[in-house]
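Here is a brief report on one protein chain. The sequence and the model come first, and the notes follow.

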Amino acid sequence: MDAFPAFFPLSGKTVAVAGVGAGAEAKARLFEGSPAKVRRLEGQAALMPESYAGAILAFVASEDAAFAEAAASAARAAGVPVNAVDRPALCDFTTPALIDRGEVVAAIGTGGASPMLATLLRHDIEARVPEGAGQVAALFASMQDEVRAALPEPHRRRAFLRAALGGPVAEAAMRGDKALAQRLLREALARDEPGAGRVQFIDARGPADLLTLRAARALAAADVLVCDEAAHADVLALARRDAERSGPQSADHLGQLTAQGLRVARLVTGTGWRSEQAALEAAGIETDVLPIAG
């Protein structure tokens, strides 16, 4: 990872846009519909550090190289990170291609190396993110405290939210019926019972693009990774960073994990997993094979 992506909260914040022309207008349009205040700066005002006071970000757009350099220096002197359109040497950060669904925002960046590639990828991903995704996120944000109070254990909370995101709660939120979505979510919380965990065997020989979609989703949802030593790094990278990780464990230990309701991703690279799976099933522990050759 050559650049670290980060999201800046915009509520009550100010963003400065210095310069005139199409580039400056495009940067200002990025914040249309957001809660941020856009401060437009032109001429001499754009060259004074005090003009940027209180801003969290500054964008500079100008055909005049001297103006762009002076404006970027003024913003930086005020302690504000700068993006200068088409001038990477003046940039503290680059602007990604954005998919804006309100509460849900996705960003694709290439570190400024290929904005066109980022745009093409954005169009591909945008088609997969439904318009109502932001309303679903807003619903869960509004009820976050209730869900945490009802389900303090992280793994139970994750399992509950996974189910809710794929059912009638999310469907109601997508339609904009927030009252119904809240009622359905509270009803689901009231009847929630901790389910049994399971062990999912995943071929980890890599590379990651050989995994099925179901296997990739299982990795992303796993609470615990139990990995053979030769598990491919690209496969491991698909798992949650906060998932507990260990080397091979006994069937008894895996059973103890599932008894706690945990989802275990068993990442295997050889053929010995078959006897391991048989021992788990003999003990009444649910397993999946997603899928594995050999």
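The protein chain exposes about 16200 Å², and 54% of that area comes from carbon and sulfur atoms. The model is predicted. Of its 294 residues, 38% count as buried.

**Fold and extent**

The protein chain has 12 helices and 11 strands. Its radius of gyration is 24 Å, well over the 19 Å that the globule rule gives for 294 residues, so the chain is more spread out than a compact globule. Along the principal axes, the C-alpha atoms fill a box of roughly 80 × 45 × 30 Å.

Contacts also reach along the sequence. Take those between residues at least 6 apart: 60% of them join residues at least 24 apart.

**Charges**

The protein chain carries 31 positive and 36 negative charges. The mean positions of the two sets are 3 Å apart.

**Chain values at a glance**

| Property of the protein chain | Value |
|---|---|
| Radius of gyration | 24 Å |
| Box along the principal axes | roughly 80 × 45 × 30 Å |
| Exposed area | about 16200 Å² |
| Distance between mean charge positions | 3 Å |

**One residue: Gln-277**

Gln-277 lies in helix H12, which covers residues 273–282. Is Gln-277 buried or exposed? Its relative accessibility is 16%. Buried means under 20%, so Gln-277 counts as buried.

Which residues does Gln-277 touch, not counting those up to four places away in sequence? They are Phe-201, Thr-287 and Val-289.

Note on methods
Residues numbered from 1 in each chain as written. Predicted model: local features only at pLDDT ≥ 70, side-chain atom pairs only at ≥ 80, totals over all residues. Heavy atoms only, no water. Helix = DSSP H or I, 4+ residues; strand = E, 2+ residues; numbered from the N terminus. Rg over C-alpha atoms; globule rule 2.2 N^0.38 Å. Buried < 20%, exposed > 50% of the residue type's maximum accessible area, 1.4 Å probe, protein only. Contact = heavy atoms within 4.5 Å. Areas by Shrake-Rupley, 256 points an atom, 1.4 Å probe, with all protein chains shown as cover. Lys, Arg positive; Asp, Glu negative; His and termini not counted. Charge placed at Lys NZ, Arg CZ, Asp CG, Glu CD.
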